[in-house]
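Reader: Could you take a close look at one part of this protein with me? I'd love a walk through its core and how that sits in the whole.

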Amino acid sequence: MFSEASNFVKGVDDSLVVILGISIFFLVGITAVMIYFVIRYSRKRNPIATNIEHNSKLEILWTVIPTILVVVMFYYGWAGFTPMRNVPKDAMVVKAHGQMWAWSFEYENGSYSENLIVPLNKPVKLELSSKDVLHSLYIPAYRIKEDVVPGKANYMWFIPQKEGSYDILCAEYCGERHSYMLSKLEVYSQDKYDDWYANELGVSRDHPGLALLKQNACISCHSTDGSAIIGPTFKGLWERTEIVMTDGVEREITVDRDYIRKSLNEPNADITKGFNPGLMISYATTVSDEDMDQIIEYLKTLK
Ligand SMILES: [Cu+2]
């Protein structure tokens, strides 16, 4: 069977070894020749400098050899990269959403998962989209990384060749909690995957309100335990009295249904005192009124 985690490992590693090998060869060679020249042609050993003009043989040699080497490096790079942009037609499609600061994966039946779970030996295409800023989906063990750009449909694909659990990172600095933007890629056998897809995908043991907060990455900025991250904590939020800044003027509000709806629609309209504006996008279209009711039911449990 395969010894590599994905179908792209070999191509990428081969080009890395070739480029690194050529670079190390020249680093050592040039340094050695330089040291030799410094000693051999120092003023002590070579008091009168020699003026050397053309040497056609040498000039042809130092043009042709590097050209060949660069073409070799290009070949390995091209051979490793081209297959990454050619997705097989039968690939299973998963939508990968990036947002500050969490990944979420949407499957063909419309259900979401916080981890990317895929079957062994089946090509998987990820359709990449960003809800806010630039991110980059990076799976180091698979040697693949692709930018996730707001307003642009990008994609990546792979064939998982080994069962196991791998890291998914964001490789494009996307703000304060960038380094917490982590997920897992889990590779299951086909049977285990089918079972997971039928029975576990979209089924959460969490309160439905908490599941929505996770799916929309709310909890990467609003804690549920009282700690302040980027925004105010959800703990004790329901019916709390807060001082907010509205158009630069302080006022006191009570967190109720209307206030939560307004905060989702226009996050920068009322900023809780002590927090920064401009960090939250509008959830006017992503969080429906029914979703909000479930979120409120959950907030009521966080007394
Ligand atoms: Cu990111």
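Reader: To set the scene, how far apart do the C-alpha centres of domain 1 and domain 3 lie?

Author: Happy to help! This is a predicted model, in which local features need pLDDT of at least 70 and side-chain atom pairs count only at pLDDT 80 or more, while totals for chains, interfaces and linings use all residues. Residues are numbered from 1 along each chain as its sequence is written. The C-alpha centres of domain 1 and domain 3 are 59 Å apart. The domain assignment, automatic or from a database, gives domain 1 (9-85), domain 2 (92-199) and domain 3 (208-301). Along the principal axes, the C-alpha atoms fill a box of roughly 90 × 55 × 30 Å.

Now to the core. Of the 303 residues, 23% are buried, that is, with 20 or more other C-beta atoms, placed from the backbone, within 10 Å of their own. A nonpolar core is a set of buried Ala, Val, Leu, Ile, Met, Phe, Trp, Tyr and Cys residues joined through C-beta atoms within 7 Å. The largest one has 42 residues, and Leu126 and Leu137 touch the most other members. Helix α4 (residues 208-215) gives this core its largest share, 4 residues; a helix here is a DSSP run of H or I, at least four residues long, numbered from the N terminus. Domain 2 (92-199) and domain 3 (208-301) each supply at least three residues to this core.

Let's zoom in on Leu137. Beyond its neighbours within four places in sequence, Leu137 is in contact with residues including Ala96, Leu126, Leu128, Val148, Met156 and Ile168, as well as Lys145 and Glu146. Contact means C-beta atoms, placed from the backbone, within 7 Å.

Conventions. A residue is buried if 20 or more other C-beta atoms lie within 10 Å of its own, exposed if 12 or fewer, and partly exposed in between; C-beta atoms are placed from the backbone. Helices (H or I, at least four residues) and strands (E, at least two) are DSSP runs, numbered from the N terminus. Two residues are in contact if their C-beta atoms, placed from the backbone, lie within 7 Å.
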